[in-house]
Structures are given as C-alpha cells and as structure tokens.
Amino acid sequence: MKRFYAICLIVFFPSWLLAQQLITGKVIDEQGNTLPGTNVYIKNTTKGTTTDLDGLFSIMAQKTDTIVFSMVGLEKYEAAVGNQTTINVVLKSTSKQINEVVVIGYGTSKLKDLTAPIVSLKSEEISRQATANPAQALQGKMAGVTVTNNGEPGSAPQVRIRGVGTALASGSGPLYIVDGVVVSDISFLNNSDIDNLSVLKDASAGAIYGVQAANGVVLITTKKGIKGEPQFNFSAYAGVQHATNLVKMANTSQYIELLNQRTGLTGAGNLYDPANFPVSTQWYQELLRNPFISSVELNVNGGYDKTLYAFGLSHFYQDGIINTGNKNNHYDRINFRAKNDYTFTNRFTGGFGLIFSRSMDVPTNNYALYQAYVTPPAYKPKDATGAWSDPTTLGFSGPFANPAATVYYNDNRTESYSILPNAYLDIKFFNNHLDFRTVFSGDIGFGLERTYTPVFYVSGLQNNNTSNLNKLLNFRRNLIWDNTLNYNQTFGKNDLKVMLGSSVQDFYDTYLSGTRYNVPYLSNATLYLALGDDGTQQTTDGGNLSRVVSGFTRVSYSYDSKYLLTGTFRADGSSKYANNQWGYFPSLGLGWVLSEENFLKNNRYINFLKIRGSWGKLGNSNVPANSSVTYGGPVDGGIFGGNNYIPGLTFSTVIKKPLKWEVIEEYDGGIEAYALHNKLNLELDYYNRITHDAVFNAPVVGISGTDNLLGNNGKIKNSGVEIVIGWSSQTKNGKIKYNLSANFTTIHNEVLAINNDAGVLYGPQLNGSFLTRTVVGKPIGSFYGYNAIGVFQSNAEINDYKSANGVILQPDAIPGDLKFANTNNDDLLNGDDRTYLGSPIPKFTYGITGGLSYGNWDVSMAIQGVYGNKLFNYKRANRNAFPDANFDYDFYKNHWDGKGSTNEYPSAALSRKNIQPNSFFVESGSYIRLRNFQLGYTIPENTTKKVGFKSLRVYLNAQNPLTIFGYNGFTPEIGGDPISTGIDESTYPLSAIYSFGINATF
C-alpha cells in the first residue's frame, strides 16, 4: 500500500501543481484609492492573504476556485478564477449604517433618507446587560437620552429625552409604543424580546404621534419569524448583586464624641460616657445582603413560504439587597411572546401577536434606609434574649426606630398581569404602489396589591396594636385602532411616499380599595378582608375614561437621492378637555445629501455627508383631565365693593380655568457623516425646544386660604448640542476587529415664563422652608436657600460679620456655625437672602461604548456619566425630627471641632439656621461609571456541532462595577418629579451585578 501511495503521489502531484496558477491584482475603492489590508482568500478554505500598502496581492489558486475580497465598511466581492491570472477589484462602500432600516412611526425608513434625529439600537446591544427593564439598558447609549436608574428590584427607570419640558410628574416621561401598542412603561418586556428600539427625539420625528409625543417617543418592535427551519435560541445568566458605595456612618465612640461636642457648644443636651455604650452597629451592613439575580430565555422562530412564526418564553428573578428576615424582598416575572405572519396571496398579508407578562413584586420598607442613617449605632438589632432591641431605652433624644424590625414587619406585595394583543391586515394595490393596513391592538392589565400590618411591639414608638389589611384591585384597558394608506412611487429621479392615517384610542382604568382591621395572620393564603371586623371596613374606588380620535398624514420626497423633504400633520381630539378639545401638530424636515453632489462624489475621504433641519409641534396629553367644576361653598365673611357684598371663597371654590393644550415647539439642525471607508461616523445636532402653556400647579396670591391652582402656568425652554462619533475597523489580517463610539449631550433648561401673580413655583419643604424654587431665568426645580460662605471660627468673628451699617448679621450664631451670605446687602440676614444654589439637571451627559474581538474571544464595555448637576443631601439636613441622630463618617472626619479646623464643615451643633436649606447640603451630582464590562468566548463550530449546537457562547459580565463620584450617598442617580429631582431623602442603593451567562443556538 505504501508503494501504491507513492506511485499515486508521483503521478498526480505534477498535474495538481500544474493546475495551480498565480493570481495577482490590485484592490481599490470607488474613488480609486488603494486598499491596503484587504482580506483575500479562497472561498470555503483557510488559504488567504492580504493586500500590501499599494493594494497589491498575489495568491495561488485553481481555475475552479472563487476568490473572496473583504474589508470592513466595504461590500464583499467574489471573483471566479477561470482562466484569469490578473484580477483587479473595486470594492464599493457598503454604507451599511446609512442603508439600515429603522422604525419611524407608522412605517420605516432608511437612515440616509431621514430628515430628523432618530437613533436606533439592535437587540444585541440591549440584551448584553442584566436589567429588569429594557429602558435601563439605554443608559449612556444615546445622545439626548438621560436615564436615571433605581436599584430597587422591578423598578422602572426615569427616562427623559432632551431635558424637562413640564412640571408635572406624570407628563415628563416619553411615549412608549410596543408593536403599535401605546403603553405607560416597558417593565413587562424582556431585553431579548426586542428586535429593534428606536427613539424619536425631536418634534419633526414625533409629530406623527401628536398629542402623546411631547417628551419623545420610544418605538419597540419585538422579534418575528424568519423563513427556514425552526431555530432555537437559549440564553441564561445567573449572578450576585453587591451594594456599591455604602455610606459609612460614625461608630458609637465617634457618635458619642459628636454629641458631647454639641452639648459643649450649645449648653443643651446631655453628656454621655462612651464606656456605657459598648455596642457599635453599622446599620447599613446589618440591613444589606449580596442577593441573587437570574434570567432564562427560550426563543424559537422559523417559517415557510406563507407562514412565519416566533415564540418566546422567559423568566426573570431578582432578589432585593435589603435583608428582610422572614420576608423575601424580590421581583419575579414570567413573559410569553408569540407572533405569526401570514401571506394569503400576493396582495393580502396579515398576522397577529401576543405578549403576556405576569410579575410579582415583594418590596421592602424603604424608610428603613433612612432609619439606618439616623438611628444611634449603640445597639444591636436584637438583644441577648432574641427580642428586638428597643432604641428608646438608650437615653438618646429622638423618636428612633429599629430599622431591622421595620423591614421585618413590612408585608406588602403586588401581583400584576399585562396582556398586549395585536392583529393586522395588509392589502396591496396597483403593483404594490398602494398599501392599506389596519391594525387593532390593546394593552389590558390588572393587578392586586396587598398590604398587611401585623400586631407587634418593639418599643413605645414602634408598635402596632391592631392588625390591618388593605387590598387594592386595579384594572386598565387601552384599545387602539389604527388605519393607514401608503402610496409610494418612483418616477425618474423622484421618489415619493405619501401616508394617510387615522387612529382611535379608548382608555379606561378603575380601582377598588378596601381595608379592615383585626385580620388574623395564619398564612398568606388566609389574608382576606372578610376575616376582619365588619365595623372597621373602609372602601374607596375611582377611575378614568378618556378617548382620543386622530387623523394624520406624512409626505416624504426625495430627488436624485440628494434633496429630501418630510412633512407631517396630525390632528388630535381628546375628551380630557372641556374646551379646546382639538390640537393640531405640524412638522417639516429638510435634508441635503452633499456627498451625492459632483463636487463631493469623488472625494477620497468622505463616503456620506448630509445636512438636515427640522421644525415641529407636539402635544402633551399626560395632564389631569380638564375640569371647570366649582367645589365647596362660600365661607362666612366677605368684602363690600361699592353697594355689593362679595362673599369670601376658600381654595376649594376657586374655579379652574379650562386647560389648553400643553404644546412643545422644537427646531433642530444636524449633520451626519461617514468617512474613511465608513470606518468613521459623526453626527452633530443642535436642538431648541420650548414648551408653551405648560400645565402645573402654581401659587395664587390675594385670595385667603388659597394655595395652588392647576392651569397653563408657564413656558419652559430646553436647548443643547448632541454629538456622536464612532470608529469601526480591523487589523490588516482581519484577526482583530474593534469599534469605539462616544456620545455627548449638553442640556440648557430655562423657565421663560410663569403666568401667575406670584411668578414662582415652589417645591418640597425642609424645616419650614422650600427646597426648590422655580422662577423665570432659572432651570425648573432649582435648589434655593442660603449660600454658606464659611464657618464662624470664634465669637469675635461672629461680632465682626456686620452689614454696611454696622449691624451684626448673625447674632444668634455660635462658633462652628455656618456663615451665610448677605445677598441683598441690607441690615438683616433672613429669608430674603436666600438664593439660587444650583440645578439637578446636568449641564451635559456622555457615554462611551467599545468592543474588541480576537478569534473566538470578544470583550465589550460601556461607560457613562453626567456633569454639572447638583443634589440635595436631605437626610443629612433633616435633623429637627431626630435631635440625637447619627452622623455619617464623612461629616465626623471633616466637621469643625475648634478654631481653624475647617472653614467648610460646620460643628456637631447642627441646628438653628444651620439646617435651613443652604449650600452646605447641596453637593455635586457629577459622576462617571463603568456601566458594563463583558468578556465572552465563542466555542469553535466543530466542537459545538458535536454536542448538537449551531453556536455556543459563554461570557462573564460585570454591571456597575465602578462608579466615581463625590456625593455623600449610595448613588448620585437620584430622580424625582421635575420640581423635586435630586433630593435624597433615602435613595435605594444601586448594585453591582456580577454574572455568568450562556447563549446557544440549535
């Protein structure tokens, strides 16, 4: 046999060698530039080479071979060898990004044809992060989109697009649309359910949704079937959570030291012997744990010539980081998704979809976190007998509670169900130039919230003598019927698309709440109102009903792929308004693709360049239903006007003026560019949006007993610049591929008008003074108080701090007190000297994402941050309610404890004017965070096939592992209503999540 093989080698080797021929050539781009580093290889083999610095290559090949030429950013080209010995190739730009199709609202468009700033994320960019809510994964990914996360399991993040244009909490978030269904949030969705997520940022893009789109639009399409054999995708991860940046509190000896210093300075209070308090507890460490998080998903899709299908089933589970003892603080969600598309004939297509979600939320009592901040460290959660420790026996002044007992006796859970059905029918006419589509969709949800308080005793201040049970049933039904007629036609260099549409939305929600006392606890299964005392029953109910009828149109025109025009118009009629029921929302967008002009078409560097501008109007329907009802009646007393007696009125009898539409008008100008073989992309936008007739409660002066009145009370401006820059490339041999992208957004928020006599909008209070004050010329929700300019070092310095007329300005101060600026230069330091202390709205936000792959290994990261915003450390300032409250370690380390020790931190005698809202409690909210870091390995195909997988990838992921900031709190991410954002009363800690995951296809 050896001889036989040798003979065959001698006979056939020369013929095989002769069949090989040397192929040479040159690779250039469309502009004639040489392309060094182009991959050149024989198809279906590992044999290949790359072009040199002059774009030249040489390779041995047979006549039957096919040579493949590929390079990042350029179209792949294949050439059959045949009798050729020289093959010169021109690689064309793929323009993959600019030819990408994105959802724009009632349709789709290529990015290159857009006249508005629309940004899109694919499924893989969202699913890489371990989040309960897909909106959390947007943080740092998009210019102009600010996401504030909350660490509590199942919590929805606060999303704001291009600033804050309203003072109402209910009206500041974006519009979410999932497969055509309008929903209030997307907490029912799993990350991997999403195929595409688009954000319509400006009025030109969002005007097609009219009255609902004032704060931007988030469009989500879920995954659908793909033609071919069934394909199964399985993905799962599991990990642990760890509370980051724990606030370190003073220990017992440090706490006693501070209390004694306070007593020595003020002469009030007791002196304590630290030897009498041997216990020292860090309460945050007692309350927090390192809990579990997991996600499991199974998706299948496939289809035949006339049927496509996709199904998904997932389970998400997240434990809370607060150790509740006998209660398991957690969030648990099960999702099911189904979508079918049918082709009945060449003209008729249709389909239906369904999303079902069931969640169980078992929260904890977050007030325990505040208790952990203020309660003395001098006792343990339980005493030697195993009973709860009573903090009131320690002798300290303050209504202290045992934080561990607070979370132990909290029993609250909410079970929620969401059902989103949708069905459509599509009919094509006139050789597919005309298309009619009708879609019926809905959002149906119901839930049960149960709160139970048992009988317990911890102390005279922390107890409950009578058990009580409250149940809240709620139901919502949101039905939408959309009809659109689309016409598209290309004639010569002209491309025209016209869409006409109508929409009817019917929204209804209702709730029923009941409470009874003396309900015994045997188990969760026995908590029924009927078991409580009949005479203690309390019930309430209510609801809302509103309807919106809309008509809309959009015209898109392109000439020679160079000159672009998009115009939209929508009319909305809403039952929420007693008058002014109709609102009209036009928009116009223009674009000019300069790279298609002759003077740039042969440019060797720029592949695509477009400038665009847009204008539009949007409405905000997330306002209270209009009312002109007179409440209550006249009170005793009044005034005489001439010969007429005018009875007095209480606040309840003030007649509300009929509300007008809250309307946003926006201008946008932008540039989009791709260069250097599409490796480099750049997007630059300037936006200027003004909210007219902003709806909020504003003070009314001149009427006794009046506080606030709802109305069209203001005008708010948001403007700024958005920059996105990215780079994607690979090494010459193609083994290493990498990408890097950064986005940057400036935000300028300013109140332009407040249409009431007071000219001001107040926020929450602290110690009898307002924390925020919204006035013309300042950002909404700006912090307001005294400006601390130092610390009094001695009585002599107090006496030397005088007005221009020689009056001592802070005669009641003692050494160690904060020294406040006399802003109006009069002879009295009082409330008139309060001033603007900063804004919770950042000056700019930014994000950086990057990826690198080498062979089967890949690594990715995401960094995000904000700069220039302020936070109010409410928990540090609120000491009136707890005179002997503990101090955080930062305060202990830096506080004033004698002349010359510091000129920034006050003494331990935090009382009097020191705890009025002032700049000492206003801290920087700037931060930079490593949002996500992932290391993955794709197992080679020849190995995965052996175990029945088409592909298999494993990875390690770290989410929020590092945050750099200077604020004295758990996290600098503190949301809130527009007039109370950034006030840290007791923020739930943010967690770092470390997980291991797997993605498999079979």
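**Nonpolar patch**

I went looking for greasy surface on this predicted model and found a nonpolar patch made of Tyr559, Tyr563, Trp592, Phe599, Ile611, Ile671, Leu682, Leu684, Ile723 and Ile725. Together these residues have about 820 Å² of accessible area. I then checked which strands feed the patch: strand E35 (680–699) and strand E36 (708–730) each supply at least two of its residues.

I picked out isoleucine 723, which sits in strand E36. Is isoleucine 723 buried or exposed? Neither label fits: its relative accessible area is 30%, so I noted it as partly exposed.

**Four-stranded sheet**

Next I traced an open sheet of four strands, and I read the order as E3-E2-E5-E6 with antiparallel pairing. Strand E3 (48–50) and strand E6 (74–80) are the edges, each pairing on one side only. From one strand to the next, I get an average twist of 15°.

I zoomed in on strand E2 (residues 39–42), which runs antiparallel to E3 and is joined to it by three bridges. Across from tyrosine 41 I found glycine 48 of E3.

**Three-stranded sheet**

I also looked up an open sheet of three strands, ordered E4-E1-E7, with mixed pairing. Why does one side of strand E4 (56–61) and of strand E7 (89–91) lack a neighbour in the sheet? Both stand at the edges with a single partner strand each, so that side is left without one. The twist here averages 35° from one strand to the next.

Strand E1 (residues 21–29) pairs with E4 in the antiparallel sense, and I noted six bridges. For glutamine 21, the bridge partner in E4 is alanine 61.

Technical notes: Residues are numbered from 1 along each chain as its sequence is written. This is a predicted model: local features need pLDDT of at least 70, side-chain atom pairs count only at pLDDT 80 or more; totals for chains, interfaces and linings use all residues. Side-chain values use heavy atoms; hydrogens and water are left out. Two strands pair if DSSP finds at least two bridges between them. Axes are lines fitted to C-alpha atoms, for helices over the stretch in contact, and angles run from 0 to 180 degrees between N-to-C directions. Patches are made of residues with over 30% relative accessible area and no salt bridge: like charges are joined within 9 Å, nonpolar side chains (Val, Leu, Ile, Met, Phe, Trp, Tyr) within 5 Å. Accessible areas come from the Shrake-Rupley method with a 1.4 Å probe; for residues, only the protein chains shown count as cover. A salt bridge is a side-chain nitrogen of Lys or Arg within 4 Å of a carboxyl oxygen of Asp or Glu. Buried means under 20% relative accessible area, exposed over 50%, partly exposed in between (1.4 Å probe, protein chains only).
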